Amino acid sequence: MNQGYKYLFLLVFTVGTLVSLAQDTIPLTDTSIAPTNPILPKTNNLFSARLSFTSPNPISNKAFNKSFVGIYQVDGSMNMSLYKGIYVGVAFSYASLKINKNLTGAMYNVGLTPAQTNEANASMSIYNAAIKIGGDFYIGEKNRMILSPAISVGQSYVKYSSFVCKDSAKHIQITDFKSPYVQTDISMIFLIEPNWGIGPTISYSLIKRNFDPTELCLEDWGVNKSNSSATQYFSFGVVCHYSFGKK
């Protein structure tokens with residue numbers, strides 16, 4: 001998915017949110033017309049499950065931003081309600097990023113052998129496990145929307161696949177690593193029933209370990225170790241919510 005489609009996707013959800021808010025706030029002038037969106041009861045469930053499908057977008061240092069493009073990310077969590085919408089839970093996520101196609105094109109122009117062209121499939125896989133703390137807060141008089149901010153803190157495992165060095169005398173210095181990570185996210189959930197709904201979500205993830213392109217031989221085609229900083233990326237997409245178990 002290119003950058004233009006990602007921003008279009010976010011724009012569509014933003015417009016949808018504003019339209020729903022407007023519908024909730026505009027009163028009916030004709031009392032003979034029944035509301036199409038009746039008021040939903042507020043749930044008081046003990047547990048909730050979340051599953052989101054998003055697209056990661058590298059930011060942080062120039063080397064990481066130039067080297068990779070996001071393919072997809074899947075996040076899941078199981079949460080337990082504590083008090084007035086505040087919850088705690090466990091969260092897991094997987095993100096897939098591939099080598100930038102512009103770098104792939106450059107590789108074919110620097111004399112790589114047929115075996116080295118496998119580099120075109122070079123990828124970065126990110127596995128995260130964390131403790132999550134957040135809140136679910138109803139918005140509007142009809143109880144049809146939930147605003148849900150959260151933060152997750154845990155461990156990240158990163159694996160690099162199919163990287164090779166143009167210079168046969170060099171070797172890839174790293175294939176995987178573990179590091180602490182933090183993720184913050186905010187979701188706007190449109191309830192279809194009192195206990196389940198769907199809506200847009202956006203998150204920011206930070207992996208403590210700095211991204212160093214020299215460890216992957218990426219400096220051979222113009223990626224330098226500039227503005228070195230922790231590995232960071234934004235993700236946005238769709239989240240599904242389901243709550244169950246009366247308190």
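## Phe47 and its surroundings

A residue counts as buried under 20% relative accessible area, as exposed over 50%, and as partly exposed in between. Phe47 comes out at 30% relative accessibility, so it goes down as partly exposed. Bear in mind that this is a predicted model.

Phe47 sits in strand β1, which covers residues 45–58. Setting aside neighbours within four places in sequence, Phe47 is in contact with Asn79 and Met80, and also with Tyr242, Ser243, Phe244 and Gly245. Take Phe244 from that list: Phe47 and Phe244 are 197 residues apart in sequence, yet their C-alpha atoms are 5.4 Å apart in space.

## From β2 to β4

Next up is the stretch from β2 to β4. Strand β2 (residues 68–83) pairs with strand β3 (residues 86–99) in the antiparallel sense, over 14 bridges. Within that pairing, Ser81 stands opposite Tyr87 in β3. The link is a hairpin with two residues between β2 and β3, and Lys84 in the turn has a positive phi of about 50°.

β3 is also joined to β4, again antiparallel, by 13 bridges. Here Phe92 stands opposite Ala129 in β4.

## Ser125 in β4

Is Ser125, a residue of strand β4 (residues 123–135), buried or exposed? Its relative accessibility is 9%, so Ser125 counts as buried. The Ser125 side chain makes a polar contact with the side chain of Tyr94, at 3.3 Å.

Leaving out residues up to four places away in sequence, Ser125 touches Tyr94 and Ala95, plus Tyr157, Val158 and Lys159.

## From β6 to β8

Further along, strand β6 (residues 145–161) and strand β7 (residues 176–193) pair in the antiparallel sense over 15 bridges. One pair to look up is Val153, whose bridge partner in β7 is Val182.

β7 pairs with strand β8 (residues 196–210) too, in the antiparallel sense and over 10 bridges. In that pairing Tyr181 has Ile207 of β8 as its bridge partner. β7 and β8 form a hairpin, with two residues between them.

## The nonpolar cores

Which residues touch the most other members of the largest nonpolar core? Phe68 and Tyr160 do, in a core of 24 residues. The elements giving two or more residues to this core are α2, β3, β4, β6 and β7.

Tyr160 makes a good starting point for a look around. Not counting residues up to four places away in sequence, Tyr160 touches Phe68, Ser123, Met124, Ile174, Thr175, Phe177, Phe211 and Leu216. There is also a second, separate core of five residues, including Leu40, Ile146, Ile189 and Val239.

## Lys66 in helix α2

Last comes Lys66, which is found in helix α2 (residues 62–67). With 41% relative accessibility, Lys66 counts as partly exposed, because that value falls between the 20% and 50% limits.

Which residues does Lys66 touch, not counting those up to four places away in sequence? They are Asn100, Leu103, Gly222 and Val223. As for Asn100, it is 34 residues from Lys66 in sequence, and the C-alpha to C-alpha distance between Lys66 and Asn100 is 6.9 Å.

Technical notes. Residues are numbered from 1 along each chain as its sequence is written. This is a predicted model: local features need pLDDT of at least 70, side-chain atom pairs count only at pLDDT 80 or more; totals for chains, interfaces and linings use all residues. Side-chain values use heavy atoms; hydrogens and water are left out. Helices (H or I, at least four residues) and strands (E, at least two) are DSSP runs, numbered from the N terminus. Buried means under 20% relative accessible area, exposed over 50%, partly exposed in between (1.4 Å probe, protein chains only). Contact means heavy atoms within 4.5 Å. A polar contact is a pair of N or O atoms within 3.5 Å; within protein, one must be able to donate a hydrogen and the other to accept it, and residues adjacent in sequence count only if both atoms are side-chain atoms. Two strands pair if DSSP finds at least two bridges between them. A nonpolar core is a set of buried Ala, Val, Leu, Ile, Met, Phe, Trp, Tyr and Cys residues joined through side-chain atoms within 4.5 Å.
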